[in-house]
Amino acid sequence: MSDLLELRDVSKRYHRGSETINALDRVSLRLAPGEFVAIVGPSGSGKTTLLHLLGCVDCPSQGEVLVEGRGVGRLSDARLTELRRKQFGFIFQQFYLMPTLTALENVELPALFARRNDQVRERAQRLLASVGLSERLYHHPRQLSGGEMQRVAIARALINEPKVLLADEPTGNLDSANARQTIDLLKRLNQEGLAIVVVTHNEELARATARVLHLRDGHFLNAGPAPVGT
Amino acid sequence: MTLIGLAAKNLARHKARTVLTVVGVGIAAACLVSILAFDRGYRQALQEELGRSGVHLFVSTEGCPLEAASLILHGGEIPKFLNMERLTQVKAVQGVKEAGGFLIFSVLTPDGSRVDLFYGVTDEVRTLKPNWKVQGSWFKDEHSIILGAEAARVEKRSVGDKLYLASLDREFEVVGILNRTGSQDDSFFFLPLVTAQTLFRKPGKLTAIGVQVSDLSRLQQVKDRLETLPDVYVVTSEQMGQEIMGFVGGTKALMTAVLLVALIVSAVGVLNTVLMAAVERQAEFGYLRCVGAGRADVARLVLLETLTVCTTGGLIGLLIGVAFASRTEQWMRPLLVYAPGGPLLRPDAGVLGIALVAMVGLGLLAGLYPAWRASRVSPMEAVRNE
């Protein structure tokens, strides 16, 4: 089985005035289909930058990002958009639910841009039911708790049937009970075959994953490229 | 879920801001409808009035056609007169079916509050103005007076009443009142020509002569023949119409300037609203880009929001423009140098179509920059806020 995602000797530098910040320095990583990986480390260690590079949201200053074995460095903006649409589901700490849309409409939103008309509403209803929100379909975000909003965001990330779920601090804004629910949900999704990469400070969530990568000052402390199929 | 539905819901986030922008667009659209309807309506009303009048040619003293138009239609006054013998000569010209003389004078009322316009006319005017409907009778003697509908209303006189005009120090019997024509005639005092000549000490003089030709296809030949008479200037009703359109040119220019200001203010308002919304939602656009929205999708979304505002405002403006057309006309009439009878504002389908297309075009124009800017938002904008 080939790698789903791979970072090859990737560096990312930012410039702040005359200062150059090495967010990531020659990092390599391989992600197999169905893997559940946590990236942990102190603030400023480069976790989120790594996630952005994996999700083709940002480009490396050096090195190569490969999706299903193909380098993405020379892809046009339109091709990258298409790639994100087909391969990735994103979950953010801030949820990014549209305040004027219902939970159901929020879940349907990515399908609108994917030009998918194949029973989108039914799939959205099914996804919301699967995250325990079948009673909240027509509620607006302001009528939902933090945990419910995150579950809507997870359902939304799944509407286009991605191969990888990229989650940045998915439990960061949740109390412990809701965080627990979200962790259980992510575990279940992984057991169903979805590859997941989470950036987290939550130890319980990190423990729930199959592989934990420790990042500090732009370097992995404990891992080079993982063997395929781990 | 559709893109237009999403655009509408986005606009609903800031209801007050959206409503104010729609109102701004609506006002601009109403102005546009009014001005386009006036441009079309005035021209049509003038053509209809000149066509109805039965006067095909106007003969006045030598001068510019502007003076002639002003004199005959608006009741202006210049110290130049034709001799009565000219009327006889005009009537004798081949191709002239009917000709009638006018002597026009304006007199300030003793209290200085208004200027009364007196028209000395002959019986021929009844042929030259076939749209006149007189309540009562035609002139009986030199003490008879016929009042325009508005003049009768102002003087509070009915047929058979006596009317003492202090400005002329003379009492008349109101023998007839014109039914409202919607033209300047409504404000005039009509006297027998000889009476007017005596009162204004212009015996045997005329201000102008109205001519009806037997065959309209030979109008130019008749005009050429009339111009062989000494010291006369002949204008066709068509030229008269052009001159009058020239009179209102200044008014139209002013209205166009007001319209331009309204359109610019409206466009800037739309631009400001949409740009503000686009800037506020950078992280959101970034998120949409993360989940697969292309640059074109984001631009389309912002343009749809702009078009929704402009189309809604445009339609509301159209309705306001149509609903208030008669009120706008009431306000405009007194401001015009010459106002023909009939509706001056005619907001027909063509006018409404042009106005709506213009407002949608304005929306597209105003939305281009915010749409472009929103489309440039990188997916990083979403994650940068994390």
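Which residue takes a positive phi in the hairpin of β3(B) and β4(B)? The first legend below gives the reply. These legends describe a predicted model.

**Figure 1. A hairpin in chain B joins strands β3(B) and β4(B).**
Gly112(B) is the residue with a positive phi, near 75 degrees. The hairpin has 6 residues between its strands. Strand β3(B) covers residues 96-108, and 7 bridges join it to β4(B). The two strands run antiparallel. Look for Leu108(B): its bridge partner in β4(B) is Val115(B).

**Figure 2. Strand β4(B) is mostly covered.**
This strand spans residues 115-121 of chain B. Of its 7 residues, 6 are buried. Strand β4(B) also pairs with β9(B), which is made of residues 189-192. Here the sense is parallel, over 4 bridges. One pair to find is Gly120(B), which stands opposite Leu191(B) in β9(B). Strands of a sheet pair through backbone hydrogen bonds, in either the parallel or the antiparallel sense.

**Figure 3. An open sheet of 4 strands sits in chain A.**
Its order is β2-β1-β4-β5, and the pairing is antiparallel. The edge strands are β2(A), residues 19-31, and β5(A), residues 70-71. Each of these pairs on one side only. Strand β4(A) takes in residues 62-67 and pairs with β5(A) over 2 bridges. Across that pairing, Leu66(A) stands opposite Gly71(A). Helix α1(A), residues 47-54, packs on the sheet. The helix touches β1(A), β2(A) and β4(A). Its direction makes about 125 degrees with that of β1(A).

**Figure 4. A mixed sheet of 6 strands also belongs to chain A.**
The strands follow the order β6-β7-β8-β3-β9-β10, and the sheet is open. Strands β6(A), residues 88-91, and β10(A), residues 219-220, stand at the edges. Each has a single partner strand, so one side of each is left without a neighbour in the sheet. Strand β9(A), residues 211-216, is joined to β10(A) by 2 bridges. These two strands run antiparallel. Arg216(A) stands opposite His219(A) in β10(A).

**Figure 5. Helices α1(A) and α6(A) lie across strands of chain A.**
Helix α1(A) lies across β3(A), β6(A), β7(A), β8(A), β9(A) and β10(A). It runs at about 155 degrees to β7(A). Helix α6(A) covers residues 176-191. This helix lies across β3(A), β6(A), β7(A) and β8(A). Its angle to β8(A) is about 150 degrees.

**Figure 6. A salt bridge crosses between chains.**
Side chains of opposite charge can pair when their charged atoms come close. Asp77(A) and Arg295(B) meet this way, at 3.3 Å from N to O. Asp77(A) lies in helix α2(A), residues 77-87, while Arg295(B) lies in helix α12(B), residues 295-323. How buried or exposed is Asp77(A)? Its relative accessibility is 28%, so Asp77(A) counts as partly exposed. Arg295(B) is at 25% and counts as partly exposed.

**Figure 7. Two salt bridges can be traced within chain B.**
In one of them, Arg218(B) meets Asp215(B) at 3.7 Å, N to O. Arg218(B) is partly exposed, with a relative accessibility of 47%. Asp215(B) is partly exposed as well, at 34%. In the other, Arg281(B) meets Glu305(B) at 2.6 Å, N to O. That pair links distant parts of the chain, 24 residues apart. Arg281(B) sits in the loop between α10(B) and α11(B), whereas Glu305(B) sits in helix α12(B). Both Arg281(B) and Glu305(B) are buried. They belong to a network of salt bridges with Arg13(B) and Glu284(B). Over all chains, the count comes to 30 salt bridges.

**Figure 8. Chain A is shown as a whole, with 7 helices and 10 strands.**
How compact is chain A? The radius of gyration is 17 Å, close to the 17 Å that the globule rule gives for 230 residues, so chain A is as compact as a globular protein of that length. Its C-alpha atoms fill a box of roughly 50 × 40 × 40 Å along the principal axes. Buried residues make up 56% of the chain. Take the contacts between residues at least 6 apart in sequence: 73% of them join residues at least 24 apart. The accessible surface of chain A is about 10,000 Å², and carbon and sulfur atoms account for 46% of that area.

Conventions:
Residues are numbered from 1 along each chain as its sequence is written. Chains are lettered from A and ligands numbered from 1 in the order in which they are written. This is a predicted model: local features need pLDDT of at least 70, side-chain atom pairs count only at pLDDT 80 or more; totals for chains, interfaces and linings use all residues. Side-chain values use heavy atoms; hydrogens and water are left out. Two strands pair if DSSP finds at least two bridges between them. Contact means heavy atoms within 4.5 Å. Axes are lines fitted to C-alpha atoms, for helices over the stretch in contact, and angles run from 0 to 180 degrees between N-to-C directions. A salt bridge is a side-chain nitrogen of Lys or Arg within 4 Å of a carboxyl oxygen of Asp or Glu. Buried means under 20% relative accessible area, exposed over 50%, partly exposed in between (1.4 Å probe, protein chains only). The radius of gyration is taken over C-alpha atoms; the globule rule is 2.2 Å times the number of residues to the power 0.38. Accessible areas come from the Shrake-Rupley method with a 1.4 Å probe; for residues, only the protein chains shown count as cover.
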